[in-house]
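Me: I have a structure to go through at the bench. Please take my questions one by one and show the reasoning.

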Amino acid sequence: MISFAFLVLALLLNGNCHGFLQVSTRRHTQLWYQSPGSKTSGSDSISNDKNDELNVNHDLAALEVDVCGPTSSSSMQDDPVLNIPILEEKLKQLREKSADNVGGATPKSETDVENEQSIQKQLDEAKSMAELGVRAIQNDFYHAFSHGDLKQMDEVWSDEFNLSCIHPGMASIEGRKSIMKSWEEIFKFQADNADVNGKFRIQAGSGAKISICGMTAMCSCVEEIRYVPIDEDDDDDEEVMRRRGKQQVEALNVYKRENGSWRMTMHMANPSI
């Protein structure tokens, strides 16, 4: 799973903004959202019936991920985060010019110094804004997931880009409607089995890694899953969470800038082995 994240990152660093990523996953009879005591209704997983309009790629041989998309000049002017690559290039050019001047014994002009400081400040602010925004949408995703909040989950996912979702041990699901239906069924399953399993809680571990390339952000993390007794009041308390047994799932989340905000375009998870 982590190797998948590195593969995506390699594509970005090499400037290949559109490609096919080879994905492999194991099918587990015990799905991550289903603990041993769970009640079932004739199926151990979310229905993939074509009549349910789930567009499923069963072999997972070629999951197409549009890692970077075109950006209009107007959107870049309105969204400072999208200006990060431009600011980095400007700063690079200024520093190269300064290095040439030093070699030629020409002192750096005050204008160049001021420009470099100004660009560096803009770049630092844009990067901070980008990372804070990614962490915020990541928190929204896991809060919606943990509490079965379908409305919040709907707000997390993009309205404009192609979407993909791979739940552990299952085939990929493509398209917004099908993905939201899968979350609806997962949340219903959790609610129906809360009296047996306890309340489902999931969070991204502390080792989450964020990589940002223009309008695309990738987060690789190890998800921590716990089931809390249904009569437990402080189920979000960290100390209580630590006392509960946990399952771990490796995940990759991809977000894109959309109207000045980060929105999810892909979620992929696979149980840790």
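Me: Is Glu258 buried or exposed?
Reply: This is a predicted model, so the answer is computed from predicted coordinates. The relative accessible area of Glu258 is 4%. Buried means under 20%. Glu258 is therefore buried.

Me: Which residue forms a salt bridge with Glu258?
Reply: The rule asks for a Lys or Arg side-chain nitrogen within 4 Å of a carboxyl oxygen. For Glu258, the closest N and O atoms of the pair are 3.2 Å apart. The partner has 14% relative accessibility and counts as buried. That partner is Arg263.

Me: Which residues do shared salt-bridge partners join into one network with Glu258 and Arg263?
Reply: Glu258 and Arg263 form a salt bridge. Salt bridges that share partners bring further residues into one network with this pair. Those residues are Asp154, Asp159 and Arg176.

Me: What is the distance between the closest N and O atoms of Glu224 and Arg226?
Reply: Glu224 is buried, at 14% relative accessible area. Arg226 is buried too, at 4%. The two residues form a salt bridge, with their closest N and O atoms at a separation of 3.5 Å.

Me: How many residues apart are Lys188 and Asp192 in helix α6?
Reply: The side chains of Lys188 and Asp192 meet in a salt bridge, at 2.8 Å from N to O. Lys188 is exposed, with a relative accessible area of 55%. Asp192 is partly exposed, at 39%. Both lie in helix α6, residues 176-192, and about one helical turn separates them because their spacing is 4 residues.

Me: How many salt bridges does the count come to?
Reply: The pairs include Lys188 with Asp192, and Glu224 with Arg226. Glu258 with Arg263 is another of them. By the 4 Å rule, the count comes to 12.

Me: Are α4 and α6 roughly parallel or oblique to each other?
Reply: Helix α4 covers residues 110-147. Its axis lies 9 Å from that of α6, at an angle of about 45 degrees. Angles under 35 degrees count as roughly parallel, and the roughly perpendicular range is 65 to 115. The α4 and α6 pair is therefore oblique.

Me: Which residues in α6 meet Phe141, Ala144 and Phe145 in α4?
Reply: By class, the contact of α4 with α6 has 6 nonpolar residues, with no polar and no charged ones. On the α4 side are Phe141, Ala144 and Phe145. On the α6 side they meet Trp183, Ile186 and Phe187.

Terms used. Residues numbered from 1 in each chain as written. Predicted model: local features only at pLDDT ≥ 70, side-chain atom pairs only at ≥ 80, totals over all residues. Heavy atoms only, no water. Helix = DSSP H or I, 4+ residues; strand = E, 2+ residues; numbered from the N terminus. Buried < 20%, exposed > 50% of the residue type's maximum accessible area, 1.4 Å probe, protein only. Axes fitted to C-alpha atoms, helices over the stretch in contact; angles between N-to-C directions. Parallel < 35°, antiparallel > 145°, perpendicular 65-115°, else oblique. Contact = heavy atoms within 4.5 Å. Nonpolar A, V, L, I, M, F, W, Y, C, P; charged D, E, K, R; others polar.
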